[in-house]
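Visitor: I'd like a walk through this model, and I'll keep asking how you know what you tell me. Could you show me the structure before we start?

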Amino acid sequence: MDKTLPPIQRYSLVARIFHWSMAAIIIPLWLLGFYVGRIMPHAATPQKALLLLIHKEIGPFIIVLTVLRLVWRATHRPPAMSEEIPEEERLAVQVGHFGLYAMMLVVPLTGWVRSSVHGLPIPMMWVVNLPPLAHKAPVFVPLVNVLHQFSSWILGVLIAGHVIAALLHRYGRKDSIMDRML
């Protein structure tokens, strides 16, 4: 009996470029936000202002990339999952991907609203200033700060889970799941 494995069904090149380029942007941006918000002293310094500016310049661009990625995903079918994957894992993959896409929109949107209620400009990629999503409203600053931080933590947990699952497939199960995105 011939036991040759079927060829690996990979994501399209465009899908892989979206995936890895967004990972290369979102993970450092998340770490930068964590560093500025949790590790640096709370006092305003020129270094902190520069790091926040970088964070704010790149953050809104993630919305653009996520929308483009969702359009691509809606118009290009991803490769089918292996029949060997149990139903509960298939559901976990779908929920995890939905959560990642949702948080890739929610986190930068709450950052945009955060700058808006602070009355600050919303720059994007050193090219354009975006319009505010809300009027300056100092009373909402604490709420929006918490929403941005909380959604950022959810995104961080989802990313960590995604990376751990990929590594478990690669080095634990030694299957070809991760190869689909390489």
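Guide: Sure, let's begin with Arg 170, which counts as partly exposed at 29% relative accessibility. Keep in mind that this is a predicted model.

Visitor: Why is Arg 170 called partly exposed?

Guide: Buried means under 20% and exposed means over 50%, with partly exposed in between. Arg 170 has 29% relative accessibility, so it counts as partly exposed. Arg 170 sits in helix α4.

Visitor: Which residues does Arg 170 touch, not counting residues up to four places away in sequence?

Guide: Arg 170 touches Met 178, Asp 179 and Leu 182. A contact here is a pair of heavy atoms within 4.5 Å.

Visitor: Where is Lys 174, and is it buried or exposed?

Guide: Lys 174 is in the segment after α4. Its relative accessible area is 63%, and the cut-off for exposed is over 50%. Lys 174 is therefore exposed.

Visitor: What is the phi of Lys 174?

Guide: Phi is about 55° there, a positive value although Lys 174 is not a glycine. Trp 126 also has a positive value in a residue other than glycine, with phi near 60°. You'll find Trp 126 in the loop between β1 (122-124) and β2.

Visitor: What makes Trp 126 count as exposed?

Guide: Its relative accessibility is 52%, and exposed begins over 50%. That's why Trp 126 counts as exposed.

Visitor: And what about Leu 133, in the loop between β2 (128-130) and α4? Why does Leu 133 count as partly exposed?

Guide: Its relative accessibility is 45%, and partly exposed runs between the 20% and 50% cut-offs. So Leu 133 counts as partly exposed.

Visitor: Which residues is Leu 133 in contact with, leaving aside its neighbours within four places in sequence?

Guide: Leu 133 is in contact with Leu 109, Trp 112, Val 113 and Ser 116. Take Trp 112: Leu 133 and Trp 112 are 21 residues apart in sequence, yet their C-alpha atoms are 6.9 Å apart in space.

Visitor: Let's zoom out. How many helices and strands are there in the protein?

Guide: There are 4 helices and 2 strands, and along the sequence the pattern reads α-α-α-β-β-α. The C-alpha trace spans about 70 × 35 × 25 Å along its principal axes.

Visitor: What share of the 182 residues counts as buried?

Guide: 31% of the 182 residues count as buried; the cut-off for that is under 20% relative accessible area. The accessible surface comes to about 11,900 Å², and 72% of it belongs to carbon and sulfur atoms.

Visitor: Among contacts between residues at least 6 apart in sequence, what percentage joins residues at least 24 apart?

Guide: The figure is 69%.

Visitor: What makes a set of residues a nonpolar core?

Guide: The members must be buried residues of the nonpolar kinds, joined through side-chain atoms within 4.5 Å. The largest nonpolar core has 17 residues, and Ile 26, Met 104 and Leu 155 touch the most other members. At least two residues of this core come from each of α1 (13-39), α2 (46-75), α3 (87-118) and α4 (141-173). Apart from it lies another core of 5 residues, among them Ile 63, Ile 122, Met 124 and Leu 130.

Visitor: Which residues is Met 104 in contact with, leaving aside its neighbours within four places in sequence?

Guide: Met 104 is in contact with Met 22, Ile 26, Ile 62, Thr 66, Arg 69 and Leu 155.

Visitor: Now the pockets. How much space lies in the largest pocket?

Guide: About 1,400 Å³. Of the 45 residues that line the largest pocket, Tyr 11, His 19, Val 93, His 97 and His 162 are the closest to its centre. By class, that lining has 28 nonpolar, 10 polar and 7 charged residues.

Visitor: And what is the volume of the second largest pocket?

Guide: The second largest pocket has about 830 Å³. It is lined by 31 residues, and Gly 33, Leu 52, His 55, Arg 114 and His 148 are the closest to its centre. Its lining splits into 16 nonpolar, 11 polar and 4 charged residues.

Definitions and conventions. Residues are numbered from 1 along each chain as its sequence is written. This is a predicted model: local features need pLDDT of at least 70, side-chain atom pairs count only at pLDDT 80 or more; totals for chains, interfaces and linings use all residues. Side-chain values use heavy atoms; hydrogens and water are left out. Buried means under 20% relative accessible area, exposed over 50%, partly exposed in between (1.4 Å probe, protein chains only). On a 1 Å grid over the protein atoms alone, a cavity is a set of points where a 1.4 Å probe fits but cannot get out, and a pocket is an open set with protein on both sides within 12 Å along at least five of seven lines; lining residues have an atom within 4 Å of a point. Grid points are joined across faces, edges and corners, and a volume is the space filled by probe spheres set on the points. Ala, Val, Leu, Ile, Met, Phe, Trp, Tyr, Cys and Pro count as nonpolar, Asp, Glu, Lys and Arg as charged, and the others, Gly among them, as polar. Accessible areas come from the Shrake-Rupley method with a 1.4 Å probe; for residues, only the protein chains shown count as cover.
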